Structure formats: C-alpha cells, structure tokens
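Dear colleague,

I am passing on a structure that you have not worked with before. Please open it beside this message, and then read on for what was found in it.

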Amino acid sequence: MADYLLSLIIFFPLLGMLFVLFIPRDNDGLLKGFTLVVSLVTFVISLPLAFDNIFATSGGMHYREFYEWINIGDYFQMNYNLGVDGISLWLVMLTTFIMPVTVLSTWKSVQKNTKGFMALLLLLETAMLGAFVALDLFLFYIFWELMLIPMYFLIGIWGGKNRIYAAVKFFIFTAVGSLLMLVAIIFLYYFAVESGVQISGFGVHDFYKLDLPYNAQYWLFLAFAFSFAIKVPMFPVHTWLPDAHTEAPTAGSVILAAVMLKMGTYGYVRFAMPLFPDALQTFIPYLAGLSVIGIVYGSLVAMMQEDVKKLVAYSSVAHLGFVMLGVFAMNQQGMAGGIIQMVNHGISTGALFLIVGFIYERRHTRLISEFGGLAHKMPIFATIFLIVTFSSVGLPGTNGFVGEFLALVGAFESNLRWFAVVATSGVIFAAVYMLWMYQRVMLGKVTNPANENLKDLSLREIAVMVPLLLFVFWIGVYPNTFLDKMNPAIEQLLNQMNNKQVAVVEVYQPVVAKLIEIK
C-alpha cells in the first residue's frame, strides 16, 4: 500500500465526488453524510504518514511515486512524480484533517444545491493534496490551477451579496500570477534542455541541480515569487483576500484560510527559494520588509473593522506575515517557526471563521455593533471563542505562541534583526484587535433584544470545534510532536541552498541568448 499511498490519498476524494454525482439532488442528508464519510476515510488513509518515524530520521522525500506520463520525443516530457517530506507532511495532514470539520459545519449553513457544493469540496481537496505532494513542476501547476475552479464557484454561487465581484477578483488575481509562473516553468525546462543537462521531465529535484546564471535567476525568481505572494497573500497584492473571505460561505472561508493560503507559503519553501538561491539573497530584505508591513498593516486595518469576518480576514494578512518572516530568516528556528505557523494559522483562523459562521447562522449579521453580552446566553460558545482568541493572539500554552516565537527568534538571529523588532508590534496589535472584538461581542450586558433568545452551541457544533481545540493545546504544550518530523527536512533544505554554488554567468550566456532568440 505504501507504494501508492499518496495517489490513494489524492484521488480518493475525487472518486467520492464521482459517486456524489449519482446521488439524488434533493437528498441533502445523504449528500452531506456521504461527503463526510469520504473526507473521514481520506483522513484515516493519511494517518500512516503522521505516524511514520522515517520523517524524524531522514529529510529526504518518502513514499515516492514515479510514472512517465506525457512524452513527446526530446521536446517535452512530464511525469507523474510524487513525494512527501517533513515540510509537506503536516500540510497534507492539515488538509485531510480540516475537510471533515468543514463538511460537518455545512449541515445547517448549506441549503441550496447541496450536491454541487459537496462535489466541489471533494474536487478541491484532491487539488490541494496534489499540489502539496507533486514533485514535477508541471504536475504541480496542474493541481495549482485546478484549485481555482471549485473555489471560484463556491464563492460565486454560495457566497454573499457581492459574491460575483469577490469570485472574479479572486480568479483574476490568482490567474495572473499563475500565468507568470507557467512562463517561468517553461523557460526553466527549456533552459535545462538547451544546456544539455540530463533531466527527467519537470522534476523539481533535477532543477535544483541547475547552476542558473544570476540574471536568469533574478527574473525567474520574480515570476515565482509574485505568483506565490498573491496566494499567501503578501502586501500589497492582498486586496482580493478580504473580499473573498467576506463573501465566501463559511466552509469556503475555512478552506481558504486553513489550506489554500498555505499554497503560497509552501511554494516559496519548496520552489522559489531553493531553485533560485542567488537571486533570493538579493530579494530577502525586500520580501522581509513586505512581510513586516503586512503584519503591521493587517493588524491596524483589522482594528478598524466593524464586520467580524472582515476583521478575521485582515488578521490572516498579519499572521501570514509572521510565517513569511520566519521563512525568510533562512535558519532552522525561523524556518521551523514559519512552517509550524502555517499549520497553526490553519487551525486557529479556520476555527475563527467557523465561530463567525455560528453567529451568522443565528443572527444573519456579522456587525460587531449588533452583538454584546452573548456570553450570558451562550456560555459554551463564549468559552470556545475565548480559547480560539487566545490561540490567535499567541498566548503561551497555545499553538499560536510556538510558531510566532520561533519565527521571531529566527529572524532576530539572522540578518533580519530590525525587521523582527518591528514585527513584535504585531503581537501587541493582535491582542488589541482580537480582545477588543471579543469584549464587544461577548461581554457586557445584552442590549439588543434580538440576542435575548440565542441558543448555545449544539452537539454537532461542539463536535466541529473540539478537534481544533485539541490541536490548539497539543501544539502549544508539546510542539516537538510536529517539529521533530519537520526538522530533518528543513535542515536538508537549508544545507542545499547554502551549499549551492553561484552560477558562472559566462558559461550560460549563449544558452540564454538562444532562448531569447527562440522566444
């Protein structure tokens, strides 16, 4: 089974989607129940990855699958090339874990065209899982693009009143970045071919071995970095995110925050940084600066929001700034902090969007001014909300503290010391906007008569939140469960980037000239 485990994890949701298409459209209970079972089985299938100690002892790729797929003579070759290491491991597990939680949250919130909604969720899971384990750049690009389609329809059909605007904006932003990355991928492939380098399709490990001239690295890195920056999103290409989050249905917001945004951060770690290490050194100060601006800007704008969901959306911009700052620190602490913060953000921000969804289902409004004193009417909800708030703030003992602390320590110990100093203000700002929001929504007296008869969380809603709370404390109290399996892969990645020799430009000038002439 280990020989095809990754394929089974990727395509089991797709198989489930095909079965969903044959379920009667008006049988909502069966559609949701079947989708929940498929997502749970996918999670169970992925568990052997989490329990395999090989990730704690070896930083290489494991569970490899390689098959020739498309071969057109000497001109084009693409392979079905999969693998997982300690960096992608927990992102795969996050994806399979968050999907059952997301499906369970739709029981009351999705009432129209349930069949289409569930089919799109399963298609989206296949695309996300494929992107995290693809080791062929062209295969990665196929999964990357496939993600856009279901999310576009989830926002455009089941979203709020401005859903079309948000869906189109989301699609345009991400598609433009994707096209730049595609051009860079094709250039990289034919550069290797014209250089006489032996490569196996678009295999990323073959491209790692290329000694690209600095000029080529400069422009290729820009193309990759811009595409991934949009997906993160980093300042100033973040403007699609608040609209997409605000208009998306709760399930769409949870998946977008918990998993899809990690495609950008993962893309930097897996592709942009190790492929172009010389150009990376040029851009690190600017990228770190944009990360810090994102932290401060996202926090300040979040403080000004009157819509709870939009506040959480802008908090994502700030939290992902910590992820990128840790990654750009280029050391073990920073990189580990950035990667584990990807998981932490998926858990805590995903939980926040679920909480916002619970409120909206009861009141059909997300305005902070419409609430107040809800803790008196919904004590269980208030307790869970407070725990998730502390997680988002980064209180010691919760998952948020571990990631942010390691990212800041890594940045401080690198050449990004002053960036880290400024970034610490984001921790204070997070406490301000999150606790202030919690105070206005949950504490005080009930002044709005519409809140008098609100019901506390149901057993189903509690069941949705309990798994997330478990990981809030697990990662916060004993993060080594997760760090031990990612550290060898991080160490190998850093050594690979540090040991790669600077390319000799003169050797490759004829190749670059020939490629430009062909273009």
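The expected span of a helix is taken as 1.5 Å times one less than its number of residues. With that in mind, and remembering throughout that this is a predicted model, helix α2 (residues 28–51) is a good place to begin: it has 24 residues and reaches 35 Å from its first C-alpha to its last, which is close to the 34 Å expected. Helix α2 nevertheless has a kink of about 30 degrees at I45, shortly before the proline P48. I45 is also one of the buried residues of α2, a list that includes L31, K32, T35 and L36 towards one end of the numbering and S46, L49 and A50 towards the other.

The next topic is charge pairing. Side chains of opposite charge can pair when their charged atoms come close. The structure holds eight salt bridges, and three of them are described here.

In one of them, the side chains of R270 and D85 meet at 2.6 Å, N to O. This pair links distant parts of the chain, since R270 belongs to helix α12 (residues 262–275) and D85 to the loop between β2 (76–84) and α4 (86–109), 185 residues apart. Both R270 and D85 are buried.

Another salt bridge joins the side chains of K169 and D243, at 2.9 Å from N to O. Here too distant parts of the chain are linked, with K169 in helix α7 and D243 in helix α10 (residues 240–247), 74 residues apart. K169 has a relative accessible area of 17% and therefore counts as buried, and D243, with 19%, is likewise buried.

In the third, R362 pairs with E461, the closest N and O atoms being 2.7 Å apart. The partners lie 99 residues apart, R362 in helix α15 (residues 332–363) and E461 in helix α21 (residues 459–477). R362 counts as partly exposed because its relative accessibility is 22%, whereas E461 is buried, with a relative accessible area of 3%. These two residues are linked with R460 in a network of salt bridges.

Finally, there is the surface to consider. Which residues make the nonpolar surface patch of about 480 Å²? The patch is made by I164, V168, I172, V176, L180 and F226, and helix α7 (residues 163–194) gives the most to it, with five residues. L180 lies in helix α7 and, at 39% relative accessibility, counts as partly exposed.

With best wishes

How values were computed:
Residues numbered from 1 in each chain as written. Predicted model: local features only at pLDDT ≥ 70, side-chain atom pairs only at ≥ 80, totals over all residues. Heavy atoms only, no water. Patch = residues over 30% accessible without salt bridge, like charges linked within 9 Å, V, L, I, M, F, W, Y side chains within 5 Å. Areas by Shrake-Rupley, 256 points an atom, 1.4 Å probe, with all protein chains shown as cover. Salt bridge = Lys/Arg side-chain N within 4 Å of Asp/Glu carboxyl O. Helix = DSSP H or I, 4+ residues; strand = E, 2+ residues; numbered from the N terminus. Buried < 20%, exposed > 50% of the residue type's maximum accessible area, 1.4 Å probe, protein only. Bend = angle between axes of the 7 residues up to and from the residue.
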